[in-house]
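Please open the structure in a viewer and keep the sequence at hand. The tour below proceeds by selection, with a description of what is found at each stop.

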Amino acid sequence: MTTVTFHSADSRLDGFVVEGHSGYAEEGADIVCAAVSAAVGLTECTINEVLGLGAPVKAQKKNARISLKLPPALNEASDNLCQSLLTGLLVYLQAMGEEYPENVSVLLDDEDEKD
């Protein structure tokens, strides 16, 4: 199963971690894995290559894990764009989880609720 955990602090999404293989089909034929990977890749590319924000990304191919953390001091315009991108990714992956509940799980780790 692919588990995607979105991190939230101060009422804003500030990153995500994607872990695991979806298990929908064999490697190379797994449409669920391809859809998740493409959406995550597009989001990361837009944040770092298009907007040039330098969000740290950690990828571990061996463990099928990738994470992205937004820089802490974004200007308002960049933060608004990133919130839209991360919210869009969240909504998309939640829909994937509803369509493929055995293969995709989406969680929200809300730091605001831990106080």
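## Helix H2

The tour begins with H2, a helix of 24 residues that reaches 34 Å from its first C-alpha to its last, close to the 34 Å expected at 1.5 Å a residue. Please bear in mind throughout that the model is predicted.

Select residues 76-99 to display H2. Next, add Asn75, which caps the N-terminal end of this helix. A side-chain oxygen of Asn75 lies 3.1 Å from the backbone nitrogen of Ala77.

Which residues of H2 are buried? They are Ser78, Asp79, Cys82, Gln83, Leu86, Leu89, Leu90, Leu93, Met96 and Gly97. The buried residues of the helix pack against H1 and against the strands E1 (2-9), E2 (12-19) and E5 (104-110). With those strands displayed, H2 is seen to lie across E1, E2 and E5, running at about 40° to E2.

## Gln83

Remain on H2 and select Gln83. Is this residue buried or exposed? Gln83 has a relative accessible area of 16% and is buried, because the cut-off for burial is under 20%. The side chain of Gln83 reaches the backbone oxygen of Leu13 at 2.7 Å. Beyond its neighbours within four places in sequence, Gln83 is in contact with Arg12, Leu13 and Leu70.

## The sheet

Now select the strands. They form an open sheet of five strands in the order E3-E4-E2-E1-E5, and the pairing is mixed. At the edges are E3 (57-60) and E5, each of which pairs on one side only. From one strand to the next, the twist averages 15°.

Begin at the edge strand E3, which pairs with E4 (residues 65-69) in the antiparallel sense over four bridges. Two residue pairs may be selected here. Gln60 has Arg65 of E4 as its bridge partner, and Lys58 stands opposite Ser67 in E4. The hairpin of E3 and E4 has four residues between the strands, and in it Ala64 takes a positive phi near 50°.

Proceed from E4 to E2. These two strands pair in the antiparallel sense over five bridges, and the bridge partner of Phe16 in E4 is Leu68. Why is E2 described as largely enclosed by the rest of the structure? The reason is that seven of the eight residues of E2 are buried.

Continue to E1, which pairs with E2 in the antiparallel sense over seven bridges. Select Thr3 together with Glu19, its bridge partner in E2. In the hairpin of E1 and E2, two residues stand between the strands, and Asp10 takes a positive phi near 55°.

## Ile47

For the final stop, display H1 (residues 31-50) and select Ile47 within this helix. Ile47 counts as buried because its relative accessibility is 0%. Which residues does Ile47 contact, leaving aside its neighbours within four places in sequence? The contacts are Gly52, Leu53, Ala55, Leu68, Leu70, Cys82, Leu85 and Leu86.

Several residues already visited reappear here. Leu68, which was selected as the bridge partner of Phe16, is one of the contacts of Ile47. Leu70 is in contact with Gln83 and also with Ile47. From C-alpha to C-alpha, Ile47 and Leu70 are 8.7 Å apart in space, while 23 residues apart in sequence. Cys82 and Leu86, both among the contacts of Ile47, belong to the buried residues of H2, the helix with which the tour began.

How values were computed:
Residues numbered from 1 in each chain as written. Predicted model: local features only at pLDDT ≥ 70, side-chain atom pairs only at ≥ 80, totals over all residues. Heavy atoms only, no water. Buried < 20%, exposed > 50% of the residue type's maximum accessible area, 1.4 Å probe, protein only. Contact = heavy atoms within 4.5 Å. Polar contact = N/O pair within 3.5 Å; in protein donor to acceptor, adjacent residues only side chain to side chain. Expected span 1.5 Å × (residues − 1). Pairing = 2+ DSSP bridges. Axes fitted to C-alpha atoms, helices over the stretch in contact; angles between N-to-C directions.
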